[in-house]
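Got the viewer open? Load the model, switch to a cartoon view, and we'll walk through it stop by stop.

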Amino acid sequence: MRFSILPVLALAGTFTSVLSAPTPEPLAIERRATTQATIIQSLITTVVPSLSAINATAHTVTPASSPAALAVAEAAAKPEIAAVVAAFSASTAQLKSLNHKRDTTAIATRQATVPLGVLLGELVADVLAAVDALLNSLGLGPASGLLAPLGPALSALLLALEVVVDDLLLAVETLVNDLLTGLAAGLILAK
């Protein structure tokens, strides 16, 4: 049996590269996600009354209603939509400021929060329900003018959350790379 130094060097190189590779701090990523979840939870609390008012207003008219009734409903929904857009903008600004600084939230606080994806699903479902109610009651013409600022505000909010998703993907990529490198080294040594 011949002894080869190659597998030993490959294994040593694997350990060196794994130990020297920069990895994101999982706790920092989790803290940032939790803080963002707190901001989204606060946003939902702020926006739900306005969305409920929009739904209530939308259910008072139909596209066949008189133009005066449609105008009254449109005038009633306009400030509520403006309030939703303002809340989205404020939350977007908070999220963007979080992306540039470290958060030191306590472990107990991190573990007590609802997952960010669940909160986003709830928020988007509530917004889409209000949009659907307005479209069904006012018709496409008047509702599209009212809803125009809502799309960009929601998009900006979701884009502000992109950093958390990117950090999580980086952590998963690093984990998978390390596992595959270790597996490759183990297979080389097993030969």
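Let's begin at helix α6, residues 140-147. Select Ala143, Leu146 and Leu147: these are the buried residues to look for here. They span an arc of only 90 degrees around the axis, so they end up on the same side of α6. Now spin the view to the other side of α6, where Gly141 and Gly145 are exposed. What do the buried residues of α6 pack against? Colour α3 (67-98), α5 (116-138) and α7 (150-160), and you have the packing partners.

Before going further, zoom out. Keep in mind that this is a predicted model. The protein chain has 8 helices and 0 strands, so don't go hunting for a sheet, because there are no strands to build one from. Read along the sequence, the pattern is α-α-α-α-α-α-α-α. Of the 191 residues in the protein chain, 32% are buried. Take contacts between residues at least 6 apart in sequence: 90% of them join residues at least 24 apart. If you switch on a surface, the accessible part comes to about 11200 Å², with 69% of that belonging to carbon and sulfur atoms.

Next, select α5. This helix has 23 residues and runs 33 Å from its first C-alpha to its last, close to the 33 Å expected at 1.5 Å a residue. Show its side chains and look for the buried ones, among them Leu116, Leu119, Leu120, Val127, Val131 and Leu138. Just past the end of α5, click on Gly139, which takes a positive phi of about 95 degrees.

Stay with α5 and pick Leu123, which sits in this helix. Is Leu123 buried or exposed? At 2% relative accessibility, Leu123 counts as buried, because the cut-off for that is under 20%. Which residues does Leu123 touch, once those up to four places away in sequence are set aside? Show Leu43, Ile44, Phe88 and Leu157 as sticks and you'll have the set. While you're there, draw a distance from the C-alpha of Leu123 to that of Val47: the two are 76 residues apart along the chain, yet the separation is 8.7 Å.

Now hop over to α2, residues 26-58, and select Ile54, which is found in this helix. Ile54 is buried, with a relative accessible area of 3%. Leaving aside neighbours within four places in sequence, Ile54 is in contact with Glu80, Ile81, Ala130 and Leu134. Two of those names, Ala130 and Leu134, take you back to α5, where they are among the buried residues. Try another distance, this time from Ile54 to Ile81: 7.7 Å, C-alpha to C-alpha, for a pair 27 residues apart in sequence.

In the same α2 stretch, click on Ser50, which lies in this helix. Ser50 is buried too, at a relative accessible area of 9%. What is Ser50 in contact with, beyond its neighbours within four places in sequence? Select Glu80, Ala83 and Val84 to see the partners. Glu80 should look familiar, since Ile54 is in contact with Glu80 as well.

Last stop: the outside. Turn the surface back on and select Val172, Val176, Leu180 and Leu183. Together these side chains make a nonpolar surface patch of about 350 Å². To place the patch on the cartoon, follow Leu183, which is in helix α8, residues 162-190.

Technical notes:
Residues are numbered from 1 along each chain as its sequence is written. This is a predicted model: local features need pLDDT of at least 70, side-chain atom pairs count only at pLDDT 80 or more; totals for chains, interfaces and linings use all residues. Side-chain values use heavy atoms; hydrogens and water are left out. Helices (H or I, at least four residues) and strands (E, at least two) are DSSP runs, numbered from the N terminus. Buried means under 20% relative accessible area, exposed over 50%, partly exposed in between (1.4 Å probe, protein chains only). Contact means heavy atoms within 4.5 Å. The arc is that of the directions from the helix axis to the C-beta atoms. Patches are made of residues with over 30% relative accessible area and no salt bridge: like charges are joined within 9 Å, nonpolar side chains (Val, Leu, Ile, Met, Phe, Trp, Tyr) within 5 Å. Accessible areas come from the Shrake-Rupley method with a 1.4 Å probe; for residues, only the protein chains shown count as cover. A salt bridge is a side-chain nitrogen of Lys or Arg within 4 Å of a carboxyl oxygen of Asp or Glu. The expected span of a helix is 1.5 Å times one less than its number of residues.
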